Amino acid sequence: MAVTHLQLCVLPHWFPRLNPFSSSSSPSPKRKYMPCQFWCIKSSSLHGRSFKSPNRGNCKVMSQKTGNKLDSTMYINVEDDSDIELLRIEQVKSSQIHLAKVLMGLTCLYIPLRLAKLNVLDIFIKIAQEIFLCTVQNIGAVTLPFACASNSMNKPLPLGLDVTLPSFQDVKWSFHRLLYLFNVQLEKNVATFFIVLLVACFSFVLIGGFLFYKFRDSKESLEDCFWEAWACLCSSSTHLKQRTRIERVIGFVLAIWGILFYSRLLSTMTEQFRSNMYKLREGAQMQVLETDHIIICGVNSHLAFILKQLNKYHEFAVRLGTATARKQRILLMSDLPRKQIDKLADHIAKDFNHIDILTKSCSLSLTKSYERAAANKARAIIILPTKTDRYEVDTDAFLSVLALQPIPNMESVPTIVEVSSSNTCELLKSISGLKVEPVENVASKLFVQCSRQKGLIKIYRHLLNYRKNVFNLWNSPSLAGLKYRQLGPGFQEAVVCGLYRNEKIYFHPNDDEILQETDKVLLIAPVNGAKKPAITYSNVKEISDAHRSVEDVEKDSDTQSYALKIRKENTRPKRKGSKASDGTLGPKEFILLLGWRPDVVEMIEEYDNYLGPGSVVEILSDVPLDDRNKARKGAGGQAKLKHVQVSHRIGNPMNFDTLQETIRNIQHSSKNEDIPLSIVVISDREWLLGDPNRADKQSAYSLLLAENICNKLGVTVQNLVAEIVDSKLGKQITRIKPSLTYIAAEEVMTLVTAQVAEDSELNEVWKDILNAEGDEIYVKDIRLYMKEGETPSFTELAKRAHLRREVAIGYVKNNKKVINPVPKSEPLSLELTDSLIVISELEGEQPILM
């Protein structure tokens with residue numbers, strides 16, 4: 001038999017009515033007993049303990065258990081005098097509170113007893129579940145293929161998961177990692193902090209609204225509490241209207257957070273605005289919304305000449321009424337900083353009133369950059385080299401062209417690319433989906449041509465000036481069916497130079513070539529905009545009259561004594577390499593070259609094409625021989641040279657003693673024979689990306705110094721030529737010293753690029769003229785075409801030049817050039833000292849094949 005004693009501080013379910021006026025000093029307090037029902041708990045592990053509740057009286061509960069029975073009737077002994085205050089309970093509210101506490105105590109006792117009762121049943125259920133799961137796994141392991149293949153005993157190994165709490169270092173690292181990711185995102189986009197501020201702001205509003213709702217005992221709606229919290233956050237004076245202490249604290253916290261929120265919000269918006277303005281200034285992410293604009297990619301010394309030429313062209317277009325806008329929009333793109341580009345553009349275009357320059361700093365090898373520049377809506381795209389190395393120039397150009405390929409609708413936009421090799425031209429043209437017009441930089445070859453022919457550089461400038469006579473490609477369906485020899489008399493205000501067919505230029509087509517509708521006639525005439533060159537069809541003779549016999553031509557030309565042979569065939573083999581005549585070799589000359597650049601190797605090769613055997617090119621420069629040999633080997637060496645011998649001398653061309661000793665040695669070496677001497681000065685440093693003014697000063701000083709030394713030594717110089725970039729400085733030098741000549745070959749090349757940008761079909765024309773293997777412009781002796789005392793018209797001179805497979809485009813009289821003379825039928829009073837300007841394949845007297 002187990003006896004359980006339970007002493008519990010309880011209140012009776014029912015109290016006897018007490019007399020409130022009874023004295024508390026009763027000598028013998030009375031005890032009253034009342035029945036109380038309890039549940040029967042079948043557990044011997046529970047032991048009643050005595051609990052004492054102060055100021056509530058003592059209750060004694062006796063429980064006796066016999067076997068499995070527990071008496072259902074128990075007696076609670078309540079002492080009436082244990083607590084005076086307890087006996088004086090008068091209000092119903094106090095009794096309800098005591099009753100609730102009794103129920104809570106009983107509930108607390110019931111819950112562990114109930115759990116203990118069900119614990120045994122739960123244990124049996126869990127054991128049964130584990131046995132069932134193990135059985136299912138064993139059966140599945142035997143039946144399923146490849147199950148537990150790594151363990152032949154089919155005994156799964158414990159996973160060994162680490163379920164311990166992370167250490168303080170791990171928590172610290174995770175926090176720093178989270179802060180790092182936030183800073184990275186904030187660095188990419190300042191608006192991230194703006195989103196964080198908004199989230200924090202609404203969080204404070206929600207928390208403040210719920211707190212107001214709780215502490216106001218739901219007297220106000222939740223919506224009003226949220227609005228009150230928002231008011232405290234927006235206006236710091238709103239928290240002063242709060243009534244209670246808790247509400248004032250909440251309002252004060254919200255007001256402080258509101259001040260911090262708006263200050264950070266203002267700074268974030270300011271920073272975001274500054275970031276957007278920086279992006280706009282850089283122009284990298286700005287979308288260009290332009291049409292018919294010209295895009296120039298890259299910044300170098302060619303930029304000023306190209307902008308100048310584009311300004312002249314648009315000015316002329318405005319005067320003719322063919323311009324679509326008052327100013328031509330030009331987008332200048334470069335990988336330089338935007339401020340540097342703006343400064344350079346403002347310096348160059350400050351005097352240009354007919355172009356409007358926009359700048360954009362971005363990568364020139366990304367497709368996105370050209371998409372944002374609206375490349376598919378541009379009028380033309382010009383890609384300029386930005387490196388000094390020829391291989392880097394070509395690779396950068398190739399990458400820029402590849403970046404344009406994914407852009408749709410690029411087939412109609414001409415892309416003019418300056419490259420350094422003819423092989424690169426073919427590679428760029430092979431890219432599909434683009435209209436690429438590569439312009440080979442043959443400035444070194446052009447410099448050699450102009451240095452050997454006085455006045456040739458002025459002819460090139462004339463043909464590249466839109467205000468004068470320039471190359472034009474003219475097409476008219478009415479010319480279809482005519483023979484080529486009928487075109488000359490038909491154009492009275494232009495010079496017919498050749499035929500443009502299938503993207504190829506032919507300067508000397510057959511006379512019987514019949515024109516097709518798609519053919520274009522190459523003319524030299526003023527730019528007339530939408531107006532076409534005037535054609536007088538009344539001057540076009542019949543075929544029988546145009547195809548005159550040999551005897552008729554000899555009678556009309558009055559040049560029988562001059563023995564001009566008329567060809568019966570209009571074809572002849574084309575020679576590569578030497579530009580001398582087929583019958584005779586080039587002249588023997590001595591060239592003193594002052595300065596050095598890597599492209600001097602190309603100049604030497606060009607001299608080899610013009611000069612005869614025994615010619616010498618001597619180079620004076622302070623550049624070491626190792627660097628010269630490296631450049632020579634990179635260009636393929638001098639194995640290709642046939643007529644020219646190259647010698648090197650170390651020294652500074654601006655040193656008087658060094659230059660004087662060099663010229664004296666040349667004088668002594670050529671005493672026995674009369675060899676023409678030419679002194680050519682080039683820039684000693686690569687100025688393409690540098691400051692050309694410094695190079696011009698050095699070139700001008702070396703040229704004047706060489707002339708002074710030659711005058712002192714009595715040395716006769718055939719040509720004194722210097723490479724000068726600034727045309728103003730060159731003109732100033734030639735005014736002071738008329739015997740000197742300045743050549744701006746790079747400027748001429750940029751003018752060619754600008755003209756090709758306006759008319760991409762002219763690229764083939766200039767490519768043939770500037771190429772060593774094509775036709776070139778020569779200033780030839782007039783005695784090859786007339787005899788003394790003759791006064792032939794320009795039409796007659798053009799016919800005589802045509803018999804020599806040449807195209808006469810003008811003449812030089814008294815050192816003044818005349819291109820496309822009008823009228824052409826009037827007699828000319830030319831002297832034997834004058835010259836005729838022709839487009840010819842070979843230099844010197846052109847032989848005629850019978």
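**Exercise 1. How many of the six residues of strand E26 (residues 835-840) are buried?**

Before starting, note that this is a predicted model in which local features need pLDDT of at least 70 and side-chain atom pairs count only at pLDDT 80 or more, while totals for chains, interfaces and linings use all residues. Residues are numbered from 1 along each chain as its sequence is written, and side-chain values use heavy atoms, with hydrogens and water left out.

Solution. Step one is to fix the terms: strands (E, at least two residues) and helices (H or I, at least four) are DSSP runs numbered from the N terminus, and buried means under 20% relative accessible area, exposed over 50%, and partly exposed in between, with a 1.4 Å probe and protein chains only. Step two is the count: six of the six residues of E26 are buried, and the strand is mostly covered. Step three is to separate the directions of the side chains, since Ser835, Ile837 and Ile839 point one way from E26, whereas Leu836, Val838 and Ser840 point the other way, and all of them are buried.

**Exercise 2. Find the strands that pair with E26, and give a facing residue pair for each.**

Solution. Two strands pair if DSSP finds at least two bridges between them. Begin with strand E23 (residues 776-781), which pairs with E26 in the antiparallel sense over six bridges; here isoleucine 777 stands opposite isoleucine 839. Continue with strand E24 (residues 807-813), which is also antiparallel to E26 and is joined to E26 by five bridges; in this pairing, tyrosine 811 has leucine 836 of E26 as its bridge partner.

**Exercise 3. Explain why strand E21 (residues 719-723) is described as largely enclosed, and describe its partners.**

Solution. First, five of the five residues of E21 are buried, so the strand is largely enclosed by the rest of the structure. Second, this cover applies to both faces, with Asn719, Val721 and Glu723 buried on one side and Leu720 and Ala722 buried on the other. Third, E21 pairs in the parallel sense over four bridges with strand E20 (residues 677-681), and likewise in the parallel sense over four bridges with strand E22 (residues 740-743). Leucine 720 of E21 takes part in both pairings: isoleucine 679 stands opposite leucine 720, and leucine 740 is its bridge partner in E22. Fourth, E21, helix H21 (residues 727-736) and E22 make a right-handed β-α-β unit, where right-handed means that, with the strands pointing away from the viewer, the path from the first strand over the helix to the second runs clockwise.

**Exercise 4. Describe the sheet that contains strand E13, and the helix that lies across E13.**

Solution. Start with the order of the strands, which is E13-E16-E14-E15 in an open sheet of four strands with antiparallel pairing. The edges are E13 (469-474) and E15 (504-506), each of which pairs on one side only. Neighbouring strands of this sheet are turned by 35° against each other on average, direction ignored. At one edge, strand E14 (residues 495-501) and E15 pair over three bridges in the antiparallel sense, with tyrosine 500 opposite isoleucine 505. Now add helix H13 (residues 456-463), which lies across E13 and strand E16 (520-526) and runs at about 50° to E13; such axes are lines fitted to C-alpha atoms, for helices over the stretch in contact, and angles run from 0 to 180 degrees between N-to-C directions. Finally, six of the eight residues of H13 are buried, namely Leu456, Ile457, Ile459, Tyr460, His462 and Leu463.

**Exercise 5. Which residues touch the most other members of the largest nonpolar core?**

Solution. A nonpolar core is a set of buried Ala, Val, Leu, Ile, Met, Phe, Trp, Tyr and Cys residues joined through side-chain atoms within 4.5 Å. Among the 97 residues of the largest such core, those that touch the most other members are Ile296, Tyr460, Phe471 and Trp766. Helix H22 (residues 745-758) gives the most to this core, with eight residues. A second, separate core has 27 residues, including Ile383, Ala397, Leu434 and Val436.

**Exercise 6. Is isoleucine 666 buried or exposed, and which residues does isoleucine 666 touch?**

Solution. Isoleucine 666 lies in helix H19 (residues 656-669) and is buried, with a relative accessible area of 4%. Counting contact as heavy atoms within 4.5 Å, and not counting residues up to four places away in sequence, isoleucine 666 touches Phe590, Leu592, Glu618 and Leu677.
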